[in-house]
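Hi everyone, thanks for making time. I'll put the structure up, and then we'll walk through it together.

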Amino acid sequence: MKKGHIEKLLIILILMFVLATLLILCHLNELITVLVLTLITVIGVYGLILLKKQVSLLGKQQHEIKFLKNKIVAQRDEEAAMLSNASHEMRTPLTTIAGIAEGLQYGVISPDEQQHSYDLIKEEADRLTRLIKSTLSYERLRQQQLDNRPEQFSVVSVIRRQIEQLTKQAESVGDEIQDLTEQDVIVYADPDQVAQILTNILANAIQFTTNGIITVAVDEIAGQAHIVISDTGIGMTEDQLGKIWQRYYKADPSRTKRGESGLGMAIVKQLVSANHGEIKVSSKLGIGTTFEILLPSKIN
C-alpha cells in the first residue's frame, strides 16, 4: 500500500470514532448505539491490523529496494574496478608496442636491433592476448556462464599429468615436484576445470619457490577428494593471504612473470565453487604455502 492510501485509512478510522462519539451524544436507542459501536470497533480493529501489516510491508519493500540499490552500486563499482585494473594491466604492453612501432617508423632503431624489436612486439601482443583471455574467463565464471560438464574420474591421473607438464618449468628454477599420491581417488567434477585448478596452483607454487620442493598429495575424507599442494617458497603475510583471491592481485610483483594477469587465484576460487568444492590456503612468511581443495567424490 502506498503512503497516500495509508493516510486515507487513518482519516477513515478517525472519522469513524468521531461518528461513534456523536451517536452517544445524540442519545440514540441504546441497542442501536451498542450495535453501531460494536461494528465501528470491529472495523476499527480490522483497519488497525491492516494498517500495521501494510506499514510492515512498506518497510520491508523499502528495505528490499535499498538492498537492490546497494547491490547495483556494488556491481557498478566492481565493474568499474575491473575495467580500471584491466586497463592498467593492458597499458604497459600497449605502451611498449606503440613505442617500438614509432621507433621503427622513424628509423630510430638500428637494423641490428630491429629483429629484437619485432620479437618484443610479438611478446607483448601475446601478453595482451593472455590478459584478455584470462579476463574473459573470469567474467564468464563470475556471471556463471561456464559450460560445466561434471563426470566421475580418477583425480590422481589428472594430477600426474599436470605434474608432468610442469616439471620442466619447475626444474628451470631448481624446484622439485614430488608426487605423493598413492591411492586412486575418484572425483565428480569437470575434468578440464580440475586440470586448470591444479595447473594454476602448481604454476603459482613454482613462481614463488626457488630451489625448493613442491608436494602434491590426495586422499578421501568423508566422501570428498582432499587434494593438498604445498611448497617451500617465500610464503605470505596475513595481509597477503587476505587478498589472494582478489582479481589482479599479485602478492609479490617483483616475482610476477611477464604477461601474468593476476587472475590465476581468482579463477581457481571460481572453478572450485563451480564444481561444488571448497578451497583454503595457509601460509607462513619465509616457510611456504599450502592449498587444500575438497571436491565431491560422487554425484550428490
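Okay, one term before we start: when I say nonpolar core, I mean a set of buried Ala, Val, Leu, Ile, Met, Phe, Trp, Tyr and Cys residues joined through side-chain atoms within 4.5 Å. And buried here is under 20% relative accessible area. Keep in mind that this is a predicted model.

So, the sheet. We've got 5 strands in an open sheet with mixed pairing, and the order is β2-β4-β5-β7-β6. At the edges sit β2 and β6, the latter being 278–284, and each of those pairs on one side only. On average, neighbouring strands in this sheet are turned by 15 degrees against each other, ignoring direction.

Let's go across it. β2, residues 176–179, runs parallel to β4, residues 213–221, and 4 bridges join the two. If you want a landmark there, Glu176 is opposite Ile213 in β4.

Next door, β4 pairs with β5, residues 224–231, and that one's antiparallel, with 8 bridges. These two make a hairpin with 2 residues between the strands, and Ala222 in the turn has a positive phi of about 50 degrees. Within the pair, Asp219 has His226 of β5 as its bridge partner. Follow His226 to the other side and you'll find Leu294 in β7 as its bridge partner. β5 and β7, the latter spanning residues 288–296, are antiparallel and share 8 bridges.

Now, what lies across β6 and β7? That's helix α7, residues 264–274, which runs at about 145 degrees to β6. Ala274 belongs to this helix. Is Ala274 buried or partly exposed? Partly exposed, because its relative accessible area is 27%, and the cut-off for buried is under 20%. In space, Ala274 is 9.2 Å from Asp190, C-alpha to C-alpha, although 84 residues separate them in sequence.

Back to the core, then. The largest one has 40 residues, and the members touching the most others are Val155, Ile159, Ile177, Ile201, Ile227, Ile229 and Ile293. Elements supplying at least two residues each include α4, β3, α5, β4 and β5, along with α7, β6 and β7. α5 gives the most, 8 residues. In soluble globular proteins, nonpolar side chains do tend to be buried together.

Last stop, Ile293. Setting aside neighbours within four places in sequence, Ile293 contacts Ile197, Ile201, Ala225, His226, Ile227, Val272, Glu278 and Ile279. Among those, Ile201 and Ile227 are also on that list of core members touching the most others.

Okay, that's my tour. Happy to take questions.

Terms used. Residues numbered from 1 in each chain as written. Predicted model: local features only at pLDDT ≥ 70, side-chain atom pairs only at ≥ 80, totals over all residues. Heavy atoms only, no water. Pairing = 2+ DSSP bridges. Helix = DSSP H or I, 4+ residues; strand = E, 2+ residues; numbered from the N terminus. Axes fitted to C-alpha atoms, helices over the stretch in contact; angles between N-to-C directions. Contact = heavy atoms within 4.5 Å. Buried < 20%, exposed > 50% of the residue type's maximum accessible area, 1.4 Å probe, protein only.
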